[in-house]
Structure formats: C-alpha cells, structure tokens
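Colleague: Please give me a close look at just one part of this model, the domain interface. Spell out your cut-offs as you go, since I'll want to set them against my own scripts.

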Amino acid sequence: MSQIDYVLSAIKEKNPGQPEFHQAVSEVFDSIHPILASNKRYLDEKVFERMAEPERVISFRVCWTDDNNEIHVNRGYRVQMNSAMGPYKGGLRFHPTLNMSILKFLAFEQTFKNALTGLPLGAGKGGSDFDPKHKSDREIMRFCQAWMMEAHRHIGHFTDIPAGDIGVGEKEIGYLFGTFKKIKNEFQGSITGKGPLWGGSILRPEATGYGLIHFASYILAEINETLENKVCLVSGSGNVSQFAMEKLLEDKATVVGFSDSTGYIHDEEGVDWHKLAFLKELKNVKRESIEGYAEKFPSATFYKTGETNIWSIPADCAFPCATQNEMDEKDVKLLEKNGLILIAEGANMPLTDPAIKEVQRSGVMYAPGKAANAGGVAISGLEMTQNRLGRYWSRERMEKELKLIMHGIHEKCLETIKKNDLIAHDYLNAANIAGFERVAKAMLAQGSW
Ligand code: NDP
C-alpha cells in the first residue's frame, strides 16, 4: 500500500463502525489524492489525518421531564471539528437516528463547505437523539433548556456558534438561545437562525434553499440553459425544501414532486404559490404528514414510503433536500433514463457512493452539497457579523450578499477545474479540492495543532 493510501485506511481503522464518516472522508480523499501526491508537505505534516480527527468531541447526558412528569434521558453532542478558519460553526440536529458517525460526517463536510464560503468560519456539528416529533411546545422547551444547560460552557460568539439542521428550526433556536442568554447574562450572537426581532438575520430561513437554486442556475448557465420550464423534484418538505421550491417557482420552473418521512407526492400540475403556502402550514404549523396535501389537491397523489420513491418521477432536475443517502445508484439510473440533466444537493451527502459514481459515469451535471447548500451557513456567518456590529442589514443587501457568495463558490469551482485539469463541470472534485486547499493552508500556517 502506498504512503497516500495508508492515510485513508488508517483513518478508517481508527474509527470503526462509522460508515457515514468513512463515506464522507473517502469521497474527499479520492478528490484530493493527486494534491497529496504532488505536495509532500501535506503528507509529512499529516494534514488530512488532522482534518479527519475532531479537535474536540463533547457527549453529555440530557435529562428532561415530559408533560406527564416522566423523566427522559437523551444524549447530547457537539463535535468541534476544525477551528483553522474561524470559530466552530455548524448546525444542531435533533433526530432519533443521530449518532457519532453521522455527526462526524456532517462536521467533516462542514469544514470544507465553510471554507468555500470565503468567510472566517471553522466547523462543528451537534445535536441529540431527541425526537421533537409529537412533543408539546413545553416539552421541546424543557429539552432545549436541558441541552443548553450543559452545552453552554463550550459555546460562545468567538468559540462555537451552533445553528439549526434537521429537527431544529426557529422555535428550538429560540429556546436554546434564551437559555444561553439566561446562563451567561449576556446577549451575544452565540447561535444563528434567531428570529428577525431578536438578533436574527433577514433571509437566514430562506438562505440554504435559495442559495441552492442560485447555484443550480449558475451551473445550467454553463450549458446555456435556465431553470425556466424545467420539471423539478425536491425531496423533503422542511426548511431547505420549502425555500428551494419557492425560488424554483420564482424562476418559473415546475415542481412536480416532494416528500417527507412518510412518503412522497406526485403533483402532475405542479406546486403553485397557493399550494406551497398550504404545504408550509401543514409542515411548519400542524407538523403533519404531506398526505394531507393530496387530500386537498386532486392533481396530487400520495405514495407511502415503500417500493417506489420520489426519484421514480420523470424530471429534468432533481434536488435532494431531505437527508443523507436518500438517493442510490438505481435511483440515478432511473432518473437518467427519464431524461434528467442536473442533480443539485440541498441535503448533506444525499447520494450514496455508488450513486455518485453513476452520476460521474453519466452526463448528468452534479452540484455537491458542500458547494450547493453553503448559502445557509454563509448567511449565518453574516448574522454573526451583524450581531457583532449591533446592526440589522436589509433584505436587498442580504439577497445581494447571498448571490455574491454562491457566485463566488461557483467561480472558485470553475477556477479549480481549470487549474487542476479536471474534466468539464466536475464540481465534485473541484469543491473538495478548493475547500481542502483553503483549510490545509490555514492549518499549516498555524503550526502542528
Ligand atoms: P428539516 O427538519 O426542516 O426538514 C427535513 C425534511 O426531510 C422533512 O421533510 C423530513 O420529513 C425529511 N426527512 C428527514 N429524514 C428523512 C428520511 N429518513 N426519509 C425521508 N425524509 C426524511 O431539515 P432541513 O430542511 O433543515 O435539512 C434538510 C437537509 O439539508 C439535511 O441534510 C441538512 O443537513 C441539510 N442542510 C440544512 C441546512 C439548513 O440551513 N437548514 C444547511 C445545509 C444543509 P418529516 O417532516 O416527515 O420528518
């Protein structure tokens, strides 16, 4: 085994039983293999090994009392992955399946994504195996208070700034922030995704979904295409999906499919503004299954999670925006057969490794999440700036900033493709190489930490 290949196998051996983490590390490693081969210093200084080892992993007990006075014991986490570029920054996920493998894959990906934004942001990720579904507001509040009661000692505006992710929206951020403020007796920008009345940035809720669609437009422009009249699929129906759909509607595309954990909807006539408002109410306020959408609108059919999935609907563009490994090789083959031209990732690592290989083999354009879904963390970075300045910036300014950052990431990918002689439109390897090089340079400059 060569010295380079040994790097990856040693990381895998050191982290047994963490398949998602192995998957994320292997993907980046494959991209940067030639960079390691031509830069001996990266190997000698063990830069990649250092990137794959979190600076700190915090795991803690979270006890809370439900409305029936019963005590529950959950596990809380914060993985502080890399602070070479700035304070640790990344979301919190509340989901019963959350474990160390998923957290470390998310934190690892975040390292490169945050570097691509060009903002001074390190990387982290955290959360809990707590399931917020079917919990009362009071239960969610007590859980968030208990989580922060322990986590606060590791958080702060110059140290580690969490945000939302699956299961953590503005409501949860409010309870977490309120607890932090109470403990510290200080109103500081220690969390992003806050409400616009209490320190949050305008456009933060929209940023990931909008940024994704901006990025997709920049890619399509490379082949003289636009999103207008394109038939689109957007998996999930949470924060990222809703705002991706909203921007697609603005760009005159037709969204014919979306999903949630109970199944998927095929709406042959497409989602319009009225239907999208209904969907938002259904998911954000009532917190119910998307099945209710098909009951309301006759053009839509609901399919329960089972043999088929959303990717069986013919479309031009697919935006996986739900969760990791939600699209496999067979899905990509079917989408290709049905005429797909673009996959852009709103979710983190939504394609399995064989699915990515299939995309690379085919002519389908592919935007990896590290680049395409960076809009959320970018606007979070600007929320931090506004908090430090004690100012709110206007919607116009935020929209301009978001477009500028997504455009900058796209340009950086094109520049990296050219510089490294990658094949045309190879955004996957470009994003990995560009993110890696930025973080590697910052780490080398700061010594052997
Ligand atoms: P939300 O919790 O708002 O929404 C998640 C959506 O995905 C829900 O519709 C949920 O269904 C669905 N979902 C979750 N797990 C599954 C599953 N196993 N199978 C099918 N559907 C599932 O989360 P976000 O929209 O914030 O996050 C979605 C993805 O985007 C995640 O991968 C996240 O890491 C990534 N991301 C989010 C960013 C952000 O700013 N929020 C930034 C960058 C990336 P149900 O309602 O039934 O639970």
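Modeller: Sure, bounds first: the domain limits come from an automatic or database domain assignment. Bear in mind that this is a predicted model, so local features need pLDDT of at least 70 and side-chain atom pairs count only at pLDDT 80 or more, while totals for chains, interfaces and linings use all residues. Numbering starts from 1 along each chain as its sequence is written, and side-chain values use heavy atoms, with hydrogens and water left out.

The protein splits into domain 1 (3-186) and domain 2 (205-367). Taken over C-alpha atoms, their centres are 26 Å apart. Domain 1 puts 18 residues into the contact and domain 2 puts in 13, where contact means heavy atoms within 4.5 Å.

Now the area. Interface size is often quoted as the accessible area lost when the parts come together. Here, buried area is what two parts lose on being put together, using a 1.4 Å probe and summing over both. Between domain 1 and domain 2 that's about 1,000 Å², with carbon and sulfur atoms giving 42% of it. On the domain 1 side, Gln 23, Glu 27 and Phe 105 lose the most area to domain 2, together 38% of what that side buries.

As for charges, the two domains share one salt bridge, i.e. a side-chain nitrogen of Lys or Arg within 4 Å of a carboxyl oxygen of Asp or Glu. Arg 287 forms a salt bridge with Glu 172, and their closest N and O atoms are 3.7 Å apart.

There are also five residue pairs in polar contact between the domains, both partners at pLDDT 80 or more. That term means N or O atoms within 3.5 Å; within protein, one must be able to donate a hydrogen and the other to accept it, and residues adjacent in sequence count only if both atoms are side-chain atoms. Helices H2 (19-38), H5 (100-116) and H7 (170-184) are the elements giving two or more residues to the domain 1 side; helices are DSSP runs (H or I, at least four residues), numbered from the N terminus.

Back to Glu 27, though: its side chain also makes a polar contact with that of Asn 432, at 3.1 Å. Asn 432 sits in helix H17 (residues 427-445). Leaving out residues up to four places away in sequence, Asn 432 touches Glu 27, Val 28, Ser 31, Ile 32 and Lys 370. Asn 432 counts as buried because its relative accessibility is 0%, the cut-off being under 20% (1.4 Å probe, protein chains only).

Note on methods: Buried means under 20% relative accessible area, exposed over 50%, partly exposed in between (1.4 Å probe, protein chains only).
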